[in-house]
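Let's take a tour of some charged pairs and empty spaces in this protein. Have the sequence and the 3D view ready, and follow along as we go.

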Amino acid sequence: MGGRPGAGAWMRLLLCRLIMLRLFGAGILIILAIGLIVTLWFRPKPKPVISIGIKAVSADTALWAPPDSGGIASSPDAALILYGRSLIVSTSIYFGPRGRLKRAGNGMDCQNCHLDAGTRAWGNNYGGVYSTYPKFRERRGAVETIGQRVNDCLQRSLNGRMLDSTSREMRAILAYLKWLGKGLARGQKPKGSGLLALKYLDRAADPAKGEKIYQGKCVSCHGPSGEGKPDITGISYQYPPLWGEHSFTTAAGLYRLSRMAGYIRANMPFGATWRTPVLTDEEAWDLAAFIDSRPRPQKAFSQDWPDKALKPVDHPFGPYTDSFSETQHKYGPFGPIQQAHTAAFAKKR
């Protein structure tokens, strides 16, 4: 008959069990390690990340970003570049109604429309200016230089006067634009430069719907009458006027609905970005229609669009080479106009 194991047997049994547990634990660890290695090896490789501003996006969605401003100091034109940037940021201080150099204009700054001194992606930035000018512009009907484009903005958007092409101020602005275009090949227009292009609505944009959006999203910054909000100096605007005597004129680019809608969609209301928009495309079109329906300084240039067939579908003033009304050219729907233009162009060819 067998008896109870003695103390030695108990010790041997305990050691055997400890060894088995240790071997079992090691096996588990080996299996886990192999699983981790396989997972890491076969998982999808992340796309490289490119920094743009404060955010980071994958390379396939990366947009134009300005060069590092830290490099300006080492440039032989550093003082001129910085002066040019100052003219863009604080235009009204130099050329506004109480300007140091010229008393003219509506009190707005260039960066009220060209956000962050013309450096924000889809913020009406200057990323592709230096690399694409001089170029033929349908509105002028001729090749246009960067200096002419700058003076266009001063007259049309700021309701001011032209700069002398040889002045230090013009040379400074051109130096700043050249610096922003650093590294871009001739003719290259990088993604994210200028304004976002929105798909046309299937209907006319509706100013009445836009007014409701304005009251809910925009009035706190731009005021109940679109008058804007002056900054602490009282010379410039923290939030620019969107209509009225101190806003951009009817000859400005943002008076075209597609331009205004793209600008709104990617940047407005305050805090919105092209990646995190607040408004839908439809809301952006309607809000643009409301803003551009409001009164503002009237300005016309008789020499514009010498070839009327080249007018954009949303140019709000006739005459036109098509049969569509000024109202449709202003508010849409633009699809039928575009189709007619495409057909006419194909026939002409």
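Glu144 and Arg137 join their side chains in a salt bridge, with 3.1 Å from N to O. The term salt bridge here stands for a side-chain nitrogen of Lys or Arg within 4 Å of a carboxyl oxygen of Asp or Glu. Both Glu144 and Arg137 are buried (buried is under 20% relative accessible area, exposed is over 50%, and partly exposed is in between, using a 1.4 Å probe and protein chains only). The two also belong to a network of salt bridges that links Arg137, Arg139, Arg140, Glu144, Asp152, Arg156 and Asp304.

Keep in mind that this is a predicted model, where local features need pLDDT of at least 70 and side-chain atom pairs count only at pLDDT 80 or more, while totals for chains, interfaces and linings use all residues. Residues are numbered from 1 along each chain as its sequence is written, and side-chain values use heavy atoms, with hydrogens and water left out.

The salt bridge count comes to 12. Here are three of them:

| Pair | N to O distance |
|---|---|
| Glu144 and Arg137 | 3.1 Å |
| Asp116 and Arg120 | 3.0 Å |
| Glu282 and Arg203 | 2.8 Å |

Asp116 counts as partly exposed because its relative accessibility is 38%. Arg120, at 28%, counts as partly exposed too. How exposed is Glu282? Glu282 is partly exposed, with a relative accessible area of 40%, and Arg203 is partly exposed at 25%.

Now for the empty space. Rolling a probe the size of a water molecule over the atoms shows where such space is left. A cavity is a set of points on a 1 Å grid over the protein atoms alone where a 1.4 Å probe fits but cannot get out, and lining residues have an atom within 4 Å of a point. A volume is the space filled by probe spheres set on the points, which are joined across faces, edges and corners.

How many cavities of 30 Å³ or more does the structure hold? There is one, and its volume is about 110 Å³. Its lining has 16 residues, and Phe95, Gly105, Leu154, Leu158 and Gly160 lie nearest the centre. By class, seven lining residues are nonpolar, seven polar and two charged (nonpolar covers Ala, Val, Leu, Ile, Met, Phe, Trp, Tyr, Cys and Pro; charged covers Asp, Glu, Lys and Arg; the others, Gly among them, are polar).

Technical notes. 1 Å grid on protein atoms, 1.4 Å probe; cavity = no way out; pocket = protein on both sides within 12 Å on 5 of 7 lines; lining within 4 Å.
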